[in-house]
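Reader: Could you take me through one part of this model in some detail? I would like to start with a pair of helices and then see what lies around them.

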Amino acid sequence: MTHFLDLVHPHAGTALMSEWLTGTAERSRAAADAAIDEWAAAEPPAALLAQHVFLSTDGAGLLYYAQWTSDEAHLAWARARRPAMVGRVDALVPGVERPGLHRTRLHRSVVHDAGREPGVLVVATTAADQAAGAVRAAPGLLAGHIHLTADGERAIVVTEWTDAAAHEAAAADGPAFKRYTLLHAFRDDRAEDAAGGPERF
């Protein structure tokens, strides 16, 4: 799987994380495919620099990680275009739950081992002053990426692990988390499917 830093756009002013809860692996894939088709059907807004779709390893949902030039640019697009796009996805996969959007900034990345590819990404939310502990070296932890919320009080930490077993061994006392694998990656105006080939997002 791709290293997380390879998905980060250098000019991003904001990083948005949005969880979609679908209930099953089949519904998750159907919702992801429907959203990808929506993006493919129209020219992506210039302010959208990158957007990546992750599947939860338990099959219960998706995570969207979008990078925009600014929150203001995203809000302008969301007011004009998002309701119609999401409505078409919901018509195909009804009942998707969306707990909320997190507006963050990538604050700090710690890379412990750049030589191995991650097998799983883990996303957890913690108090900002406790985030450093979540990226401290541990067996199987390849890298950690601390995102701060707009108020600076919370951190959403994305960590890269060799596999789920390594994370399981280290996660006993950590915050609640979800594990993901990359399904689809978009950056600038080109995309590369996790399966390998370039395609339009």
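At what angle do helix α1 (residues 25-40) and helix α3 (residues 82-92) pack, and how far apart are their axes?

Author: Happy to. The model is predicted, so local features need pLDDT of at least 70 and side-chain atom pairs count only at pLDDT 80 or more, while totals for chains, interfaces and linings use all residues. Residues are numbered from 1 along each chain as its sequence is written, and side-chain values use heavy atoms, with hydrogens and water left out.

Two packed helices are described by the angle between their axes and the distance between the axes. For α1 and α3 the angle is about 145°, and the axes are 9 Å apart. Axes here are lines fitted to C-alpha atoms, for helices over the stretch in contact, and angles run from 0 to 180 degrees between N-to-C directions. Helices (H or I, at least four residues) and strands (E, at least two) are DSSP runs, numbered from the N terminus. The crossing of α1 and α3 is right-handed; that is the name when the near helix is turned clockwise from the far one by less than a right angle, with anticlockwise being left-handed.

On the α1 side, Ala31, Ala34, Ala35, Glu38 and Trp39 meet Met85, Arg88, Val89 and Leu92 of α3. Contact means heavy atoms within 4.5 Å.

Trp39 leads us on to the aromatic rings, since ring pairs link Trp39, Trp68 and Trp77 into a cluster. Rings of Phe, Tyr and Trp (its six-membered ring) pair if their centres lie within 6.5 Å; planes under 30 degrees apart count as stacked, over 60 as edge-to-face and the rest as tilted. Four aromatic pairs are counted by this rule. One of them joins phenylalanine 4 and tyrosine 65 edge-to-face, at 5.1 Å centre to centre and 70° between the planes. This pair connects distant parts of the chain, with phenylalanine 4 in the segment before β1 (14-21) and tyrosine 65 in strand β3 (residues 61-68), 61 residues apart. Phenylalanine 4 and tyrosine 65 are both buried, where buried means under 20% relative accessible area, exposed over 50% and partly exposed in between (1.4 Å probe, protein chains only). Within the cluster, tryptophan 68 and tryptophan 77 have ring centres 5.6 Å apart and planes at 45°, so the pair is tilted. Tryptophan 68 and tryptophan 77 are buried too. Another ring has a charge for company: the charged end of arginine 98 sits over tryptophan 20, 4.1 Å from the ring centre. The rule asks for NZ of Lys or CZ of Arg within 6 Å of the ring centre and within 35 degrees of the ring normal.

Now for the strands, where two pair if DSSP finds at least two bridges between them. Four bridges join β1 to β4 in an antiparallel arrangement, with alanine 15 opposite threonine 104 in β4. Strand β4 (residues 101-111) also pairs with β6, antiparallel over seven bridges; valine 111 has alanine 143 of β6 as its bridge partner, and arginine 105 stands opposite leucine 148. Strand β6 (residues 141-149) is mostly covered, with eight of its nine residues buried. On to strand β7 (residues 154-161), which pairs with β6 in the antiparallel sense over seven bridges. Those two strands form a hairpin with four residues between them, and glycine 152 in the turn has a positive phi of about 75°.
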